[in-house]
Amino acid sequence: MVPTPWGYDAAKKPPALATGDDLVTVSGGRWKADARSAQALLSASATIRSYCGWHIAPLLSCEAQISPRGCFISLPALQVASIDSVVEEGTTLVEGADWDWSKNGLIHRIGHAWKRGLATVVVNYEAGFDDVPDDVLAVCFQMAQRLLAVPFGIKSETADGVSVSYDASVRLTTNETLLLSSYMLPQGV
């Protein structure tokens, strides 16, 4: 397992949400599938995942250590395909008898509350979309193209008294955050 920046471990580091070849196609050949476009796609993917709070795609085996409160715990994922095991303070619990779950990452403790404490529950699960959703891809392409449009290594230019500054940072626009809102983990998860 590999630690992720989103508070859980994954079987492998998630790849960029899109490939350079995808970018060539979407841009009508404006950009090449090279190291610079690959880095732009990785940067855009990292920003999207950071905003949403989880890896989104692809489908990965994951493990989360949860500090529960009450009868419900939330996995750091919204597209849960399966839950392989739930262990509470070293005891493996049985699905249907001890817990049940929903595909949006909610696990319910049947009969009583989860035992309180730090990382008292360990969940092994598979989560993520098999294919990157179209709206997530669109945001990734938009961000990558903005990065690629900045002349490499140039922060500003001046010609005939006109100055232009370039912003090489990766930021989501308001419209992009709206597109990503349905993939964002609820606050406090």
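**A predicted chain, residue by residue**

Biologist: Let's start with one residue: is serine 45 buried or exposed?
Modeller: Keep in mind that this is a predicted model. Serine 45 has a relative accessible area of 1%, and anything under 20% goes into the buried class. So serine 45 is buried.

Biologist: Which residues does serine 45 contact once its neighbours within four places in sequence are left aside?
Modeller: Serine 45 is part of helix H2. With those sequence neighbours set aside, its contacts are Ala16, Leu17, Ala18 and Cys140.

Biologist: How far apart in space are serine 45 and aspartate 130, C-alpha to C-alpha?
Modeller: Along the sequence, 85 residues separate the two. From C-alpha to C-alpha, the distance between serine 45 and aspartate 130 is 16 Å.

Biologist: Let me step back to the whole chain: how many helices and strands are there?
Modeller: The protein chain is 189 residues long, and 37% of those count as buried. As for its elements, you'll find 4 helices and 11 strands.

Biologist: What is the radius of gyration of the protein chain?
Modeller: Along its principal axes, the C-alpha trace spans about 75 × 30 × 25 Å. A compact globule of 189 residues would come out near 16 Å. The protein chain, though, has a radius of gyration of 20 Å.

Biologist: What share of the contacts with a separation of 6 or more joins residues 24 or more positions apart?
Modeller: One example of a contact that spans the sequence is serine 45 with Cys140. Over the protein chain, the share for residues 24 or more positions apart is 73%.

Biologist: How far apart do the centres of the positive and negative side chains lie?
Modeller: The protein chain carries 14 positive and 20 negative side chains. Take the centre of each set, and the two lie 7 Å apart.

Biologist: Now for the inside: which element supplies the largest share of the largest nonpolar core?
Modeller: That core has 46 residues, and those with the most contacts inside it are Ile48, Leu75, Ile83, Val86, Ile107, Val123 and Tyr125. At least two residues each come from helix H2 (35-52), strand S3 (60-66), strand S5 (80-88), strand S9 (121-127) and helix H3 (134-149). The largest share, 9 residues, comes from H3.

Biologist: Which residues does valine 123 contact, leaving aside its neighbours within four places in sequence?
Modeller: Val123 is among the core residues with the most contacts inside the core. Its partners beyond those neighbours are Cys62, Glu63, Ala64, Ile66, Ile73, Leu75, Ile83, Ser85, Val86 and Ile107.

Biologist: Any backbone oddities? Which residue is joined to alanine 57 by a cis peptide bond?
Modeller: Most peptide bonds are trans. Here, omega is about 5 degrees, and the bond is cis. The partner of alanine 57 sits in the loop between H2 and S3, and that partner is proline 58.

Biologist: Is isoleucine 56 buried or exposed?
Modeller: Isoleucine 56 belongs to the loop between H2 and S3. Its phi is near 70 degrees, a positive value in a residue other than glycine. Since its relative accessibility is 0%, isoleucine 56 counts as buried.

Biologist: What is the relative accessible area of glutamate 89?
Modeller: Glutamate 89 has a positive phi too, near 45 degrees. You can find glutamate 89 in the loop between S5 and strand S6 (91-92). Glutamate 89 is partly exposed, because its relative accessible area is 48%.

Biologist: Which residues does arginine 116 touch, not counting those up to four places away in sequence?
Modeller: Arginine 116 lies in the loop between strand S8 (106-109) and S9. With a relative accessible area of 61%, arginine 116 is exposed. Beyond its sequence neighbours, arginine 116 touches Pro68 and Arg69.

Biologist: How far is leucine 172 from serine 45 in space, C-alpha to C-alpha?
Modeller: Leucine 172 sits in the loop between strand S11 (162-165) and helix H4 (174-180). Its contacts beyond four places in sequence include Thr47, Ile48 and Tyr51. Leucine 172 and serine 45 are 127 residues apart in sequence, and C-alpha to C-alpha they are apart by 11 Å.

Biologist: Last one: is threonine 4 buried or exposed?
Modeller: Threonine 4 is in the loop between strand S1 (2-3) and strand S2 (9-10). Threonine 4 touches Asp9 and Ala10, not counting residues up to four places away in sequence. Its relative accessibility is 15%, so threonine 4 counts as buried.

Terms used
Residues numbered from 1 in each chain as written. Predicted model: local features only at pLDDT ≥ 70, side-chain atom pairs only at ≥ 80, totals over all residues. Heavy atoms only, no water. Rg over C-alpha atoms; globule rule 2.2 N^0.38 Å. Buried < 20%, exposed > 50% of the residue type's maximum accessible area, 1.4 Å probe, protein only. Contact = heavy atoms within 4.5 Å. Lys, Arg positive; Asp, Glu negative; His and termini not counted. Charge placed at Lys NZ, Arg CZ, Asp CG, Glu CD. Core = buried A, V, L, I, M, F, W, Y, C linked by side-chain atoms within 4.5 Å.
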